[in-house]
Amino acid sequence: MPTLPRDLRDLHYEGRELTPGQHRVLRQIALGRTGTEAAEALGVSPETVKRQLAITRSKLSARTTAQAVAIAVSLDLI
């Protein structure tokens, strides 16, 4: 299981808000869907999902998508 980049008590969200599209993609991934499945469910291309996830990981200072989901859940972003 991937670890979070830092202790949850020390998370300081920098206010780099996620766009509605980034929320939708991250929610799909949090539900256990693959990138391809998320793309199909959202009616976007798999490349769009990959791009949105990369931006989301950056905004949340996460190294992996699993970390991004964990951080977003812990901060009540999704």
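Helices here are DSSP runs of H or I with at least four residues, numbered from the N terminus. Keep in mind that this is a predicted model.

**Exercise 1.** Find out what comes after α4 and what phi it has.

*Solution.* Go to α4, residues 65–74. The helix is followed by Asp-76, and the phi of Asp-76 is positive, near 55°.

**Exercise 2.** Work out how α1 and α3 are oriented to each other: roughly parallel or roughly perpendicular?

*Solution.* Start by locating the pair: α1 covers residues 20–30 and α3 covers residues 46–59. Next, take the packing angle, about 95°, with the axes 9 Å apart. Angles of 65 to 115 degrees count as roughly perpendicular, so α1 and α3 are roughly perpendicular to each other. Now look at who touches whom: α1 brings Gly-21, Gln-22, Val-25, Leu-26 and Ile-29, while α3 brings Val-49, Gln-52, Leu-53, Ile-55, Thr-56 and Lys-59. Sort these residues and you get 6 nonpolar, 4 polar and 1 charged.

**Exercise 3.** Find which residues touch the most other members of the largest nonpolar core, and which helix supplies its largest share.

*Solution.* The core holds 14 residues, and those touching the most other members are Leu-26, Ile-29, Val-49, Leu-53, Leu-60 and Ala-68. Then check the helices: α1, α2, α3 and α4 each give at least two residues, with the largest share, 4 residues, coming from α4.

**Exercise 4.** Take a closer look at α4: which of its residues are buried?

*Solution.* Pick out Gln-67, Ala-68, Val-69, Ile-71 and Ala-72. Their cover includes α1 and α3. Finally, zoom in on Ala-68: setting aside neighbours within four places in sequence, Ala-68 contacts Leu-26, Arg-57, Leu-60 and Ala-62.

Definitions and conventions
Residues are numbered from 1 along each chain as its sequence is written. This is a predicted model: local features need pLDDT of at least 70, side-chain atom pairs count only at pLDDT 80 or more; totals for chains, interfaces and linings use all residues. Side-chain values use heavy atoms; hydrogens and water are left out. Axes are lines fitted to C-alpha atoms, for helices over the stretch in contact, and angles run from 0 to 180 degrees between N-to-C directions. Angles under 35 degrees count as roughly parallel, over 145 as roughly antiparallel, 65 to 115 as roughly perpendicular and the rest as oblique. Contact means heavy atoms within 4.5 Å. Ala, Val, Leu, Ile, Met, Phe, Trp, Tyr, Cys and Pro count as nonpolar, Asp, Glu, Lys and Arg as charged, and the others, Gly among them, as polar. A nonpolar core is a set of buried Ala, Val, Leu, Ile, Met, Phe, Trp, Tyr and Cys residues joined through side-chain atoms within 4.5 Å. Buried means under 20% relative accessible area, exposed over 50%, partly exposed in between (1.4 Å probe, protein chains only).
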